[in-house]
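Subject: Structure handover

Hello,

Here is the structure I said I would pass on to you. Please open it first, then read the notes below with the model beside you.

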Amino acid sequence: MSTEPRINDRIRVPEVRLVGPSGEQVGIVPLAKALELAQEYDLDLVEVAASARPPVCKLMDYGKFKYESAMKAREARKNQAHTVIKEMKLRPKIDPHDYDTKKGHVVRFLKQGDKVKITIMFRGREQSRPELGYRLLQRLAEDVADLGFVESNPKQDGRNMIMVLGPHKKKTEAMAEAREAQAARKAEAKANPGKSQNAAESEFDDENLVDEDSVDEVETVEAPAEARADA
């Protein structure tokens with residue numbers, strides 16, 4: 001079924017409750033009279049409340065109305081925040097450097113307003129020492145406490161132990177801040193054209209540097225393309 005409202009001669013009722021171009025209430029009038037007024041104003045007669053008795057119709061420029069509605073819907077989709085859960089996998093005996101690398105990814109995800117699922121993977125005899133995983137999860141939660149909170153406490157799931165961190169910052173806020181930062185960078189680049197592109201790329205690489213020894217584990221992150229590119 002079409003979701004388009006009925007307009008002009010597609011309206012098939014004897015009378016309508018008419019609303020003028022500026023939103024003023026004209027009242028209940030015969031359909032023929034409403035169509036006559038639409039032609040007089042060079043506008044369309046649009047049925048805006050078909051279930052009312054009689055149906056409510058408004059005089060408007062329907063083409064302009066459709067365009068503005070499409071633009072509003074597009075803007076709403078642009079600002080829509082999708083709930084995303086990233087995943088970071090660690091070993092209970094992870095070395096300090098790898099831990100710092102993984103923590104850096106968790107920090108970045110939380111700053112982006114995303115949830116992070118932390119999975120501790122136990123192998124062999126490690127399964128008899130679940131307290132190692134629990135302590136590691138507690139340590140990580142404390143290290144990122146300023147950016148996120150424990151949404152789901154550590155729990156055993158087969159050979160793994162899982163904890164979910166939620167961001168303090170809402171996704172919409174993170175998106176808005178990211179857009180502001182991007183605009184600021186563009187403004188700075190425009191104001192300082194002498195700054196080389198290589199220098200800017202170097203700064204970006206320094207912020208997202210990942211040690212090659214931890215690449216295999218970093219690839220387990222469920223992240224968009226840019227996160228995998230960091231690896």
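**What was found**

D100 has its place in helix 3. With a relative accessible area of 44%, D100 is partly exposed. In sequence D100 and L140 are 40 residues apart, while their C-alpha atoms are 9.8 Å apart in space. A similar check was made on R135, which sits in helix 4. R135 counts as partly exposed, at 47% relative accessibility. Its C-alpha atom is separated by 9.8 Å from that of P154, and the two residues are 19 apart along the chain. Keep in mind throughout that this is a predicted model.

**The chain overall**

The protein chain has eight helices and eight strands. Of its 231 residues, 32% are buried. Its accessible surface comes to about 15200 Å², and carbon and sulfur atoms account for 49% of that. How many of the contacts between residues at least 6 apart in sequence join residues at least 24 apart? The share is 59%.

**The sheet with strands 1 to 4**

Four strands form an open sheet with mixed pairing, and their order is 2-1-4-3. Strand 2 (25–30) and strand 3 (44–49) are at the edges; each has a single partner strand, so one side of each has no neighbour in the sheet. On average, neighbouring strands here are turned by 35 degrees against each other, direction ignored.

Strand 1 (residues 15–19) and strand 4 (residues 56–60) run parallel and are joined by three bridges. To find this pairing in the model, look for R17, which stands opposite V56 in strand 4. Helix 1 (residues 31–41) lies across strand 1, strand 2, strand 3 and strand 4, and runs at about 125 degrees to strand 2.

**Strands 6, 7 and 8**

Strand 8 pairs with strand 6 in the antiparallel sense, over six bridges. In this pairing M121 stands opposite N160 in strand 8. Strand 8 also runs antiparallel to strand 7 (residues 148–157), and seven bridges join the two. Here G148 stands opposite P167 in strand 8. Strand 7 and strand 8 form a hairpin with two residues between the strands, where G158 takes a positive phi near 65 degrees.

Is strand 8 largely enclosed or largely open to the outside? Seven of its eight residues are buried, so strand 8 is largely enclosed by the rest of the structure.

**The nonpolar cores**

The largest nonpolar core has 19 residues, and M88, L90, V106, V116, I118, I120 and L165 have the most contacts inside it. Two or more residues of this core come from each of strand 5 (85–90), helix 3 (96–111), strand 6 (115–121), helix 4 (130–143) and strand 8 (160–167). Another core, separate from this one, has twelve residues, including L37, A38, L45 and C57.

V116 is a good residue to select for a look at the largest core. Leaving out residues up to four places away in sequence, V116 touches K86, M88, V106, F109, L110, M163, V164 and L165.

**Salt bridges**

How many salt bridges does a search of the whole structure find? It finds six. Three of them are described here.

The side chains of E4 and K66 form one, at 3.7 Å from N to O. E4 is in the segment before strand 1 and K66 is in helix 2 (residues 62–79), so the pair links distant parts of the chain, 62 residues apart. E4 is partly exposed, with a relative accessible area of 40%, and K66 counts as partly exposed at 40% relative accessibility.

R91 and E126 form another, with their closest N and O atoms 2.9 Å apart. Because R91 lies in the loop between strand 5 and helix 3, and E126 in the loop between strand 6 and helix 4, this pair ties together parts that are 35 residues apart in sequence. E126 is buried, with a relative accessible area of 13%, because buried means under 20%.

In the pair R129 and E131, the closest N and O atoms are 2.4 Å apart. R129 counts as partly exposed at 39% relative accessibility, and E131 is partly exposed with a relative accessible area of 31%.

Regards

Methods: Residues are numbered from 1 along each chain as its sequence is written. This is a predicted model: local features need pLDDT of at least 70, side-chain atom pairs count only at pLDDT 80 or more; totals for chains, interfaces and linings use all residues. Side-chain values use heavy atoms; hydrogens and water are left out. A nonpolar core is a set of buried Ala, Val, Leu, Ile, Met, Phe, Trp, Tyr and Cys residues joined through side-chain atoms within 4.5 Å. Buried means under 20% relative accessible area, exposed over 50%, partly exposed in between (1.4 Å probe, protein chains only). Contact means heavy atoms within 4.5 Å. Two strands pair if DSSP finds at least two bridges between them. Accessible areas come from the Shrake-Rupley method with a 1.4 Å probe; for residues, only the protein chains shown count as cover. Axes are lines fitted to C-alpha atoms, for helices over the stretch in contact, and angles run from 0 to 180 degrees between N-to-C directions. A salt bridge is a side-chain nitrogen of Lys or Arg within 4 Å of a carboxyl oxygen of Asp or Glu.
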